[in-house]
Each structure stands twice: as structure tokens, then as C-alpha cells.
Amino acid sequence: NDEYYFTLDHDQKVKFTITTDSKELMEATLKKADAAGKYLQILDYNYVQEQGLFTITALLQAGNYKIEPHTRWAQIEEVNYTIQFDEVTYSDVPTTYRYYTEIMGLSTLGIIQGYTDGQFKPANSITRRQVFTMLSRTDLNLIPVREMIQFKDMKRFSADYQLILPFYSAGIVDGSNGKMNLGSNLTRAQLAKILVNTFDLKMQ
């Protein structure tokens with residue numbers, strides 16, 4: 001098979017390792033499908049090329065892709081190869097990290113994402129915007145109980161407005177003094193309240 005197709009449900013960093021018993025150098029072309037289903041070449045990825053091995057590492061957006069492995073010279077006869085697909089873990093979240101399982105589990109589901117430098121930065125503070133962005137990626141069934149209002153720090157129909165709309169309408173978040181303050185950090189108590197309201201948790 002000269003082409004390898006795959007689909008990503010969410011943005012993630014991936015690695016493909018192509019191995020062959022050929023003495024020729026392997027190369028590969030990575031392509032992403034556009035809205036019309038046409039595959040266009042992607043140039044923004046890192047690779048390591050050596051005899052018998054070709055490794056591609058890339059931070060890719062959700063979508064449909066294909067890899068076209070080939071030898072450097074067109075006249076070389078067809079060679080056999082294998083492709084191994086791996087999701088790349090964060091460089092600062094080793095398997096021994098206390099919350100490795102939780103972080104990788106949510107990352108695999110597309111609920112949380114790391115930074116473009118390959119790190120997750122687990123010690124960083126979290127903002128209100130980041131929390132609601134993560135919650136918006138879960139399978140929530142929020143029922144509106146009130147009309148959305150205009151906040152001083154959000155333009156109507158902006159990305160922030162659309163993000164908060166279902167949560168405010170469902171009575172999960174109220175804002176403060178006419179502002180939503182999405183760029184501010186959350187306290188543990190504020191996060192606990194948001195989670196209780198979002199998932200309708202019952203206290204015992």
C-alpha cells in the first residue's frame with residue numbers, strides 16, 4: 001500500500017515511524033484533506049531520515065490525513081515498509097508523574113491540550129476561559145433557564161461570548177460586577193462551584 005490514511009478527532013502531537021528493509025533512504029509526504037476532500041501537502045513538521053528509518057513528528061489539527069512513503073529515487077523498485085503511529089506524550093509529564101493518567105486520558109479525549117512547544121505545564125495556573133473551553137469539549141446537555149446578558153468585557157457574538165453563552169444561560173456562571181473576567185485565574189473554590197453546577201453534583 002503506497003498510502004496510509006488516518007483521522008484525528010482533536011488537535012494532538014503525533015509521531016509516525018516508517019521502517020523498511022531497503023538500503024535506500026525513505027521519504028514521506030504528509031497531506032491533509034481540505035473541505036472539498038482534496039489532500040494538500042503539509043510542510044510544517046519535523047522529521048528524521050536515515051537508512052531504513054523515517055520518523056515524522058508533527059502537531060496536527062483535527063481532520064483527515066494521509067502519508068505517502070516512497071524511496072528517494074523514482075526508479076528504485078518498490079520496497080516493503082511498515083508504519084507505526086504513536087501519540088506523543090508531553091515532555092514535562094513523564095509516566096511517573098502523579099497525574100499522568102488523568103492528564104493523558106483527558107488529552108486523548110481532546111478535552112485538554114498542551115502547548116506548541118510540546119509541554120503541558122501542569123504547574124501553571126488556569127484561567128476561567130481555559131476552564132470553560134475544556135468544559136465545552138465535553139458531552140454536556142445544558143438546558144437554558146435564562147436569557148444571556150451583555151457583559152462589559154465581552155463583545156456580543158465574539159468567541160468569548162459564544163463560549164460563555166450556554167454556561168450562563170444554564171445558570172452555571174454569573175460573572176461579577178457586570179464582567180465575566182475570563183482572563184483571570186480561578187480559585188479552587190470557584191472551580192469547585194463551576195464543576196458542581198455544570199455536572200449537577202449532589203453534596204452528601
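**Exercise 1. Which residue just after α3 takes a positive phi, and of about what value?**

*Solution.* The structure is a predicted model, in which local features need pLDDT of at least 70, side-chain atom pairs count only at pLDDT 80 or more, and totals for chains, interfaces and linings use all residues. Residues are numbered from 1 along each chain as its sequence is written, and side-chain values use heavy atoms, with hydrogens and water left out.

Step 1. Helices are DSSP runs of H or I with at least four residues, strands are runs of E with at least two, and both are numbered from the N terminus. Helix α3 covers residues 159–169.

Step 2. The residue sought is G171, with a positive phi of about 80°.

**Exercise 2. Describe the overall make-up of the protein.**

*Solution.* Step 1. The protein has 4 helices and 8 strands. Their order along the sequence is β-β-β-β-β-β-β-β-α-α-α-α.

Step 2. A residue is buried under 20% relative accessible area, exposed over 50%, and partly exposed in between (1.4 Å probe, protein chains only). Of the 204 residues, 32% count as buried.

Step 3. A contact means heavy atoms within 4.5 Å. Among contacts between residues at least 6 apart in sequence, 71% join residues at least 24 apart.

**Exercise 3. Find the non-glycine residues K121 and N181 and describe their surroundings.**

*Solution.* Step 1. Most residues other than glycine have a negative phi.

Step 2. K121 is not a glycine, yet its phi is positive, about 55°. K121 lies in the loop between α1 (100–108) and α2, and its relative accessibility of 27% makes it partly exposed.

Step 3. N181 also is a residue other than glycine with a positive phi, near 55°. N181 belongs to the loop between α3 and α4 (188–198), and at 31% relative accessibility it counts as partly exposed.

**Exercise 4. Describe how α2 and α3 pack against each other.**

*Solution.* Step 1. Two packed helices are described by the angle between their axes and the distance between the axes. Axes are lines fitted to C-alpha atoms, for helices over the stretch in contact, and angles run from 0 to 180 degrees between N-to-C directions.

Step 2. Helix α2 (residues 128–136) and helix α3 meet at an angle of about 65°, and their axes are 10 Å apart. The two helices are therefore roughly perpendicular (angles under 35 degrees count as roughly parallel, over 145 as roughly antiparallel, 65 to 115 as roughly perpendicular and the rest as oblique).

Step 3. The contact involves R129, F132, T133, L135 and S136 of α2, together with D160, L163, I164 and F167 of α3.

**Exercise 5. Which residues of α2 are buried, and how are they arranged?**

*Solution.* Step 1. The buried residues of α2 are R128, V131, F132 and L135.

Step 2. Viewed down the axis of α2, these residues fall within an arc of 90°, so they line one face of the helix; the arc is that of the directions from the helix axis to the C-beta atoms.

Step 3. Their cover includes α3 and α4.

Step 4. In α3, the buried residues are D160, Y161, L163, I164, F167, Y168 and S169, and their cover includes α2.

**Exercise 6. Is P69 buried or exposed?**

*Solution.* Step 1. P69 is found in strand β7 (residues 63–71).

Step 2. P69 has a relative accessible area of 7%, and is therefore buried.

Step 3. P69 and M26 are 43 residues apart along the chain, and their C-alpha atoms are separated by 7.0 Å.
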